[in-house]
Protein chains: 2
Amino acid sequence: MSPITADVTTPQQTSLPPTDAKTRVSDFMKTLQDEICQGLETADGGSTFRQDSWDREEGGGGRSRVIRDGNFLEQGGVNFSEVWGKQLPPSILKQRPEAEGHGFYATGTSMVLHPRNPYVPTVHLNYRYFEAGPVWWFGGGIDLTPYYPFAEDVKQFHQTLKETCDKHHPEYYSVFKPWCDEYFYLKHRQETRGVGGLFFDYQDGTDPLYRGPHADKAAAKYSNQLPPQENRTWEDLFAFVNDCGRAFLTAYLPIVEKRRNTEYEDKQRQFQLYRRGRYVEFNLVYDRGTIFGLQTNGRTESILMSLPPLVRWEYCYDPEPNTPEAELYNTFLKPQDWVNWNV
Amino acid sequence: MSPITADVTTPQQTSLPPTDAKTRVSDFMKTLQDEICQGLETADGGSTFRQDSWDREEGGGGRSRVIRDGNFLEQGGVNFSEVWGKQLPPSILKQRPEAEGHGFYATGTSMVLHPRNPYVPTVHLNYRYFEAGPVWWFGGGIDLTPYYPFAEDVKQFHQTLKETCDKHHPEYYSVFKPWCDEYFYLKHRQETRGVGGLFFDYQDGTDPLYRGPHADKAAAKYSNQLPPQENRTWEDLFAFVNDCGRAFLTAYLPIVEKRRNTEYEDKQRQFQLYRRGRYVEFNLVYDRGTIFGLQTNGRTESILMSLPPLVRWEYCYDPEPNTPEAELYNTFLKPQDWVNWNV
């Protein structure tokens with residue numbers, strides 16, 4: 001038994017979800033998809049989303065929306081899905097052994113945007129909700145991946161996220177921000193995917209440490225720091241996820257407006273295409289949702305619409321010292337205290 | 001216990017490797033790298049290989065060679081490596097439990113070529129040799145990934161491979177060809193990676209079925225068909241791998257010569273870039289060597305030099321019926337009996 005589990009003897013009780021929990025969350029996830037798509041179409045001004053509705057043989061379905069060749073968006077995808085089945089996959093059951101032998105329900109919204117201008121960052125958002133027998137939880141987050149970053153933009157982005165967190169729990173930002181740095185990390189490159197944001201998983205209001213030796217290490221490490229049962233009922237968490245989802249346009253669109261008309265040359269474009277390769281590497285090698293989806297008969301086109309429209313790989317590329325490209329590597333692709341950054 | 005293992009009670013004995021086995025194989029792997037690089041430089045006529053030698057902290061090293069912006073090669077990488085360490089990774093130990101607690105030695109040559117002209121296929125080759133305590137084995141193969149294929153080229157490629165196999169064992173081609181179709185398969189796309197070639201693993205001259213319930217399913221399925229101990233000593237297998245490696249230029253260069261000057265337009269180039277996405281998906285999601293390398297602190301740039309220099313993804317792309325693009329999907333991305341194909 002590992003030291004971190006040794007002093008935990010009884011599971012915390014979670015609060016019970018309301019009887020209409022699934023409907024309320026899936027309604028919210030659809031509304032979030034609608035609001036994000038409308039906000040992005042207005043901001044883009046040049047293209048609109050195409051929607052594909054799809055059914056899942058084992059139960060459920062979704063609506064995938066893709067925008068292409070817009071004014072600022074080279075490509076963007078916003079997915080809603082609501083699925084159910086007889087059994088969670090082994091990777092999740094390992095984290096939630098209580099769900100063994102029970103059916104499951106999952107709903108969520110996910111988004112990845114690939115802007116054309118290298119001065120506008122790529123951004124990802126995903127919020128999700130699970131129920132399976134006696135257990136339920138919220139998960140998700142948001143993270144920003146700039147190519148030519150501005151510290152003031154990154155600070156503003158993180159400040160918006162922190163304000164959203166602070167409205168719900170004084171410890172959320174200080175827990176979910178480093179969790180994001182840790183999750184969106186490319187071990188084989190020794191780089192963060194970008195400047196981070198928020199990430200959390202298995203949030204049910206209890207201290208996940210009781211999960212014992214099978215617990216997700218990051219969950220144990222960070223959730224451990226949250227006082228259990230303090231403003232952390234189902235309703236509290238749902239309200240928190242609502243606010244997180246709705247903070248996206250506020251956090252991101254000001255950056256788009258400031259940078260979308262910045263002039264760039266082929267050198268900047270080539271660097272953006274090269275850095276997009278890291279997005280592909282992360283999503284195909286590490287991302288839980290992508291790998292799970294591909295291995296379990298998900299709708300491939302919806303899962304892989306997160307991949308960039310055009311990507312480069314270049315053997316042994318290294319940025320020249322004292323260039324903006326080097327600054328990205330040296331400063332922005334390492335975890336930093338962005339809300340207190342001096343700009 | 002699964003049915004396929006039920007009638008196997010005693011392990012077959014392997015023949016012993018000669019005392020200078022490691023040196024002989026690694027010398028061959030280096031020579032193979034040299035011969036392939038020389039052959040490709042001569043054929044390309046426009047660019048040469050750059051070499052990077054590298055050391056591995058835990059033991060061993062390699063020499064990576066990359067060619068770029070050539071006449072027919074947009075990018076190509078040919079790697080040699082020779083590494084050793086205290087313990088094989090768990091994924092391999094599961095296949096070879098006898099190696100538990102022993103150090104290991106591995107050497108091999110691997111290659112991926114990305115031609116510029118969409119009428120010239122991408123090709124991959126890898127041959128490798130392992131020793132670990134009481135066990136040793138050869139593995140590897142070669143496979144061809146065309147964008148605009150010609151059945152006569154594919155037939156010629158497979159005929160060359162079959163002739164090479166037939167010189168060593170009458171059953172090799174009929175076992176290693178379908179094994180290749182099965183290994184280079186993208187489940188989430190329901191497509192083969194290309195038109196296949198040869199693939200084998202854990203070849204030590206015995207019937208691998210004795211590996212029991214932990215055995216690699218494909219190994220059990222295909223190697224099972226090989227009579228054990230019949231022309232399958234260490235020397236026999238080494239001679240076979242020698243001939244396989246040396247068959248590459250004979251199998252591939254005639255296709256290059258026939259197709260490298262075929263005229264193409266942007267439509268064909270865009271389709272090639274799109275299909276290259278499948279190569280990325282296979283290598284990052286399924287390929288044993290890539291995933292193992294990334295997760296175990298290999299030299300990232302050498303591992304990922306298999307990725308194409310430029311790639312596209314396009315949401316919900318489907319080829320139009322009765323086009324060459326549709327023919328690729330309908331005929332060439334399914335396992336076929338190429339040596340008996342009517343052209």
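**Exercise 1. In which loop of chain B is the place of B:Gln190?**

Before the solution, some conventions are needed. This is a predicted model in which local features need pLDDT of at least 70 and side-chain atom pairs count only at pLDDT 80 or more, while totals for chains, interfaces and linings use all residues. Residues are numbered from 1 along each chain as its sequence is written, chains are lettered from A and ligands numbered from 1 in the order in which they are written, and side-chain values use heavy atoms, with hydrogens and water left out.

Solution. Step one is to locate B:Gln190 in the loop between β7 (185-186) and β8 (191-192) of chain B, where strands (E, at least two residues) and helices (H or I, at least four) are DSSP runs numbered from the N terminus. Step two is the backbone: phi of B:Gln190 is near 50°, a positive value in a residue other than glycine. Most residues other than glycine have a negative phi. Step three is the surroundings: B:Gln190 counts as exposed, with 65% relative accessibility, given that buried means under 20% relative accessible area, exposed over 50% and partly exposed in between (1.4 Å probe, protein chains only).

**Exercise 2. Describe B:Asp69 in the same three steps.**

Solution. B:Asp69 is found in the loop between β2 and β3 of chain B. Its phi is near 55°, again a positive value in a residue other than glycine. With a relative accessibility of 59%, B:Asp69 counts as exposed.

**Exercise 3. Describe the surroundings of B:Ile67, and state whether it is buried or exposed.**

Solution. B:Ile67 has its place in strand β2 (residues 60-68) of chain B, and at 0% relative accessibility it counts as buried. Leaving aside neighbours within four places in sequence, its contacts (heavy atoms within 4.5 Å) include B:Glu41, B:Phe49 and B:Leu73. The C-alpha atoms of B:Ile67 and B:Gly46 are separated by 9.8 Å, although these residues lie 21 residues apart along the chain.

**Exercise 4. Follow strand β4 of chain B and its pairings.**

Solution. Begin with β4 (residues 104-115) of chain B, which is mostly covered, since eleven of its twelve residues are buried. On to its partners, where two strands pair if DSSP finds at least two bridges between them: strand β3 (residues 73-85) of chain B is joined to β4(B) by twelve bridges and runs antiparallel to it, with B:Leu73 standing opposite B:Pro115. Nine bridges join β4(B) to strand β5 (residues 122-132) of chain B, also antiparallel, and here B:Thr107 has B:Tyr129 as its bridge partner. The strands β4(B) and β5(B) form a hairpin with six residues between them.

**Exercise 5. Set out the open sheet of chain A and the helices packed on it.**

Solution. The order of the seven strands is β1-β2-β3-β4-β5-β6-β9, and the pairing is antiparallel. The edge strands, each pairing on one side only, are β1 (50-55) and β9 (196-203) of chain A. Helix α3 (residues 151-166) of chain A packs on this sheet, where it touches β6 (135-145) and β9 of chain A. Helix α6 (residues 234-259) of chain A packs on the sheet as well, touching β4 (104-115), β5, β6 and β9 of chain A.

**Exercise 6. With which side chains does the side chain of A:His124 make polar contacts?**

Solution. First place A:His124 in strand β5 (residues 122-132) of chain A, and note that with 14% relative accessibility it counts as buried. A polar contact is a pair of N or O atoms within 3.5 Å; within protein, one must be able to donate a hydrogen and the other to accept it, and residues adjacent in sequence count only if both atoms are side-chain atoms. The side chain of A:His124 makes such a contact with the side chain of A:Asp143 at 2.9 Å, and another with the side chain of A:Arg193 at 3.5 Å.

**Exercise 7. Work out how chain A and chain B are related.**

Solution. A rotation of 180° with 0.0 Å of shift along its axis superposes chain A on chain B, with an RMSD of 0.0 Å, the superposition being by least squares on the C-alpha atoms of residues with pLDDT of at least 70 in both copies. The two copies are therefore related as by a two-fold rotation axis. In chain A, the C-alpha nearest the axis belongs to A:Val311, 2.6 Å from it. Because 100% of the interface residues of chain A are also interface residues in chain B, the copies meet through the same surface.

Definitions and conventions
Axes fitted to C-alpha atoms, helices over the stretch in contact; angles between N-to-C directions.
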